Amino acid sequence: MGGRIRRVVVHRRDVVRDRSNRREGRLFTGHLGRSHVVDSVDRRGKQLVVEFSNGGGMVVRLGMSGRITLGDGSKRNPATAHQHLAWMIEPSRPSQSPIRMSFIDPRRFGGVYLFSSIEDCRERLLAGLGPEATSIQGIHLGERLGRTRRAVKAALLDQSVLAGVGNIYADEALHRAGVHPERSGRSISLVEAKRLAAAIRLTLKRAIQVGGSTLRDHVLPDGSPGGFVGEHEVYGRGGEPCLSCGRQLEVIQIASRSSTFCPTCQG
DNA sequence: CTTGCGTCCTGCTCGC
DNA sequence: TGCGAGCAGGACGCAA
């Protein structure tokens, strides 16, 4: 904290979203052009929230292929493919060396969203986000799932129900909890909701520990792959045997997303 | 209100 | 060996 953002370079304007969430990078340099002191860096669900000392800030969404890389700010480094933004962090203490940060996103599903005040951020960018998946309690999950008839898998992917779970970890958590992904949200009992909440917390905790799942794009800021893929029990294993019972894992579509599950363990 | 589906985008895999 | 089609997915907008 207290570091200063300097030398913002916008390589692709449409990765930056303006006040109306449109792809509009012109305002970016105007907004960030003068150096800003970083007051805080936080996470809400899948978004990174960076607040500046002037009250404004930015929300970074990585989408599915986005990442932020860290580099030595005292060295020159050429822009790599799909590097849409780059900036320097000048530390508050002169003894520390500057850090170069880049936003890289091949598919451009992610982006950087600017906000002018923390109220603006809450209302426009964080409004409607459900509780944090990393700390979700069974009673709260059950109460939220009970409001919908949708498939429980679809509900888990809905960030307004629960913030922070995507397709991979929804499948993994449902399998770990022994819940069929097509079950209606309101059919989930309190006992099952508690089991599911614990499975979500555990799955995310473990995935974060080992650096996430590298399938196609995701790598850690230093370029190394995440270690969770080797621990996937169902995702990406359709047709292969269930690690618990040996039954062939099935793949179906729910909410236009692939869902892999074990018909026996998740009956 | 609720729910589902099309859209965006590129890299990888598969089949011929 | 080469090439094109198909697929994957997070969030949003729109339609039924």
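E192 is a buried residue, its relative accessible area being 14%. In this predicted model, its side chain meets that of R183 in a salt bridge with an N to O distance of 2.8 Å. R183 counts as partly exposed, at 22% relative accessibility.

**Salt bridges**

The whole structure contains ten salt bridges. One of them joins R44 to E132, with the closest N and O atoms 2.5 Å apart. Because R44 belongs to strand 3 (residues 36–44) and E132 to the loop between helix 2 (118–126) and helix 3 (138–145), this pair ties together parts that are 88 residues apart in sequence. E132 is buried, with a relative accessible area of 15%, while R44 is partly exposed at 25%. Another salt bridge links the side chains of E240 and R237 at 3.2 Å, N to O. R237 is buried at 12% relative accessible area, and E240 is partly exposed at 35%. Salt bridges with shared partners also join R43, R44 and E132 into one network.

**Contacts with DNA strand C**

Eleven residues surround DNA strand C, and the closest are R61, M64, R107, Y235 and R257. Of the strand C atoms that come within 4 Å of the protein, 51% belong to sugar and phosphate. By class, the surface near the strand comprises three nonpolar, three polar and five charged residues. The table lists distances from side-chain N or O atoms to atoms of DNA strand C.

| Residue | Atom of DNA strand C | Distance |
|---|---|---|
| N167 | phosphate oxygen | 2.9 Å |
| R257 | base nitrogen | 2.6 Å |
| S258 | phosphate oxygen | 3.2 Å |

R257 thus appears both among the closest residues to DNA strand C and in a contact with a base nitrogen.

Technical notes. Residues are numbered from 1 along each chain as its sequence is written. Chains are lettered from A and ligands numbered from 1 in the order in which they are written. This is a predicted model: local features need pLDDT of at least 70, side-chain atom pairs count only at pLDDT 80 or more; totals for chains, interfaces and linings use all residues. Side-chain values use heavy atoms; hydrogens and water are left out. A residue is near a molecule or strand if one of its heavy atoms lies within 4 Å of it. A polar contact is a pair of N or O atoms within 3.5 Å; within protein, one must be able to donate a hydrogen and the other to accept it, and residues adjacent in sequence count only if both atoms are side-chain atoms. Ala, Val, Leu, Ile, Met, Phe, Trp, Tyr, Cys and Pro count as nonpolar, Asp, Glu, Lys and Arg as charged, and the others, Gly among them, as polar. A salt bridge is a side-chain nitrogen of Lys or Arg within 4 Å of a carboxyl oxygen of Asp or Glu. Helices (H or I, at least four residues) and strands (E, at least two) are DSSP runs, numbered from the N terminus. Buried means under 20% relative accessible area, exposed over 50%, partly exposed in between (1.4 Å probe, protein chains only).
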